[in-house]
Amino acid sequence: CGVFGVTNAENASKIAYLGLFALQHRGQESAGISTIDEEKLPHSFRNSGLVSDVFKEEELLKLKGKNAIGHVRYSTSGGNLGANIQPITARIGGVPVSLSHNGNIVNSEDLRQNLEKNGAILQGTADTELVLHLMARSTKETFIERLREAFEKLAGAFSLLILTPTHLYAVVDACGYRPLSLGQLPTEKGEKSSWVLSSETCAMDLVGAEFIRDIVPGEILSIDLATGHNESCYFNMSAFQSKNKQKAKCIFEHVYFARPDSLVWNIPAHDARFAMGEELAHISPVEADMVIAIPDSGVPMAMGYANASGIPFKIGLIRNHYVGRTFIEPTQNVRNFRVRLKLNPVRETVRGKRIIVIDDSIVRGTTSRKIIELLREAGAKEVHMRISSPPVKFPCFYGIDTPKRKELLAQHMTPKEMNEFLKSDSLEFLSEDSLLSVMNKFQNKNRYKVTNFFHEEKSESANGGWCTACFSGDYQDITAQKIACPENF
Ligand code: 5GP
Ligand code: SF4
Ligand code: MG
């Protein structure tokens, strides 16, 4: 999912719309915006579909006020029921609250059962609603204390925004799985600040905001809508969490999920991918005539591979960007029709050539298998697969939509068996250690703006504070471990 928020801006709903538009890659299922107007009244509009389909000018004009939050959804928990479309809204102690969440709460079943036992009536099936219920049930006096109490009960991933008539809160779970960045819109001298919060910095570029810093793990940043002042407090990791009690930034954001033009945890995603490709070329060289990418996600890595190997980068596959949900199947059985809808080889380029094909990851293996077949049909002489991440062996419980364990190709096969299954001439992956060393070189370089912000780096771990659980099975919390590997318990 993607979340976006803005304070103290004329046409806040339009800015939120643009922000969500830039975050569309993080979720295509539904979109929504909530605002607070000058009379402190809430407005909301949400629906299923793409941002540009959900909102027309008319809806945006009805979303009055200078403060807004929004959400694009990609369902990883709770299915795609209408009640789960965000931002979700509720009243807590008479105060209207709306909330946008990116991530996945791992202990939601336990929490749900507890809440229902105590008489809570839950509308949707998504885990996000639980946060509101926990806040509503807290007996603490101040809103911020209620938030803190609720967050300390949650395990898993949550980067979220909460809009009330007086404040915008930005929160990141204590492991810091998902990115959330703070930015600022330009204001006249002496005017109060206008803040932007976004899952990715590419949305800040679009609305003309400047990136300031990341929200850090365990932080609750509160922005006073009346004054523009902000302050932070911190909460502790859930008692349910904590196997290793360390930071766990999702390394898959850098491998695949984030847009390459975003700074993710202050590391340019494009540069990280380019460096992954270079590393892959050093570790797994092979003689060939060209390097091609499976677009779009494999492109920066393929360019890195070409750069380090000296083998030219070519466009060997073309992607159709307009593949929607509905299309007409041809009456007769056209071979590989469904992949070809999205990707087609450039015949004249690949014919008779030895090709290195770069992709970011292998999940089910279905795309790669078909693409290798298409390339051979188009006359490629050799097809060598190079993958810029380790084999995905375990499901993600933290907000990336990987399939169930049994559908993951690497669960059943060794890389050698995968090579036979995919019918490639060779297949190599970036190892977990290599991937971590690429990422940690960026972290250590620190050549981007370092914010003057106090944060106790208590939990910076040996591996640099990355989650790699979908490769290693090493989850931060016991609940996820039990679901993924029941045989170990
Ligand atoms: P496969 O060849 O394993 O069927 O699919 C791998 C491709 O799916 C890669 O090109 C990768 O960019 C993409 N991919 C990786 N992770 C995800 C994900 O979580 N969801 C979706 N829809 N695609 C993914
Ligand atoms: Fe990211 Fe994988 Fe960890 Fe999920 S399990 S948060 S996809 S690194
Ligand atoms: Mg891809």
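**Figure 1. The largest nonpolar core of this predicted model.** Start with the 145 residues that make up this core. Among them, Ala16, Leu161, Ala170, Val291, Ala302 and Ile355 touch the most other members. If you look for the element with the largest share, you'll find helix H9 (residues 269-283), which supplies 7 residues. Domain 1 (2-242) and domain 2 (268-320 + 337-435) both chip in residues, so the core sits between them.

**Figure 2. Zooming in on Leu161, one of the core residues with the most contacts to other members.** Which residues does Leu161 contact, once neighbours within four places in sequence are set aside? They are Val3, Gly5, Ile69, Ser100, Leu168, Tyr169, Ala170 and Leu197. Ala170 turns up here as a partner of Leu161, and it is also on the list of core residues that touch the most other members.

**Figure 3. Helix H5 (residues 128-137), mostly covered up.** Of the 10 residues in H5, 8 are buried. Those are Thr128, Glu129, Leu130, Val131, Leu132, His133, Leu134 and Met135. What do they pack against? Two strands, S5 (88-92) and S6 (95-105), plus two helices, H4 (108-117) and H6 (143-151).

**Figure 4. The surroundings of ligand 1.** Here 16 residues surround the ligand, and the closest are Ser297, Val363, Thr366, Thr367 and Ser368. Helix H13 (residues 366-377) gives the largest share of this shell, with 3 residues. Sorted by class, you get 5 nonpolar, 7 polar and 4 charged residues.

**Figure 5. The surroundings of ligand 2.** Around this ligand you'll spot Tyr177, Cys250, Ile251, Phe252, Cys396, Tyr398, Ile400, Cys467, Thr468, Ala469 and Cys470. Helix H8 (251-257) and helix H17 (469-472) are the elements that each give two or more residues to the shell. By class, this shell has 10 nonpolar residues, 1 polar and no charged ones.

**Figure 6. Four cysteines that UniProt marks as a "binding site".** The unreviewed UniProt entry puts this feature at Cys250, Cys396, Cys467 and Cys470. They are spread over 221 residues of sequence, yet they cluster in space, with a largest C-alpha distance of 10.1 Å. Cys250 belongs to strand S14 (residues 249-250), while Cys396 is in the loop between strand S21 (382-387) and helix H14 (409-412). Are these two buried or exposed? Cys250 counts as buried because it has 28 C-beta neighbours inside 10 Å, and Cys396 counts as buried because it has 22. Leaving out residues up to four places away in sequence, Cys250 contacts Tyr177, Arg178, Tyr398, Ile400 and Cys467, whereas Cys396 touches Thr402 and Cys470.

How values were computed
Residues numbered from 1 in each chain as written. Chains lettered and ligands numbered in written order. Predicted model: local features only at pLDDT ≥ 70, side-chain atom pairs only at ≥ 80, totals over all residues. Near = placed C-beta within 6 Å. Helix = DSSP H or I, 4+ residues; strand = E, 2+ residues; numbered from the N terminus. Nonpolar A, V, L, I, M, F, W, Y, C, P; charged D, E, K, R; others polar. Core = buried A, V, L, I, M, F, W, Y, C linked by C-beta atoms within 7 Å. Buried ≥ 20, exposed ≤ 12 C-beta atoms within 10 Å, placed from the backbone. Domains from an automatic or database assignment. Contact = placed C-beta atoms within 7 Å. UniProt positions renumbered as here; feature names shortened; annotations may be inferred.
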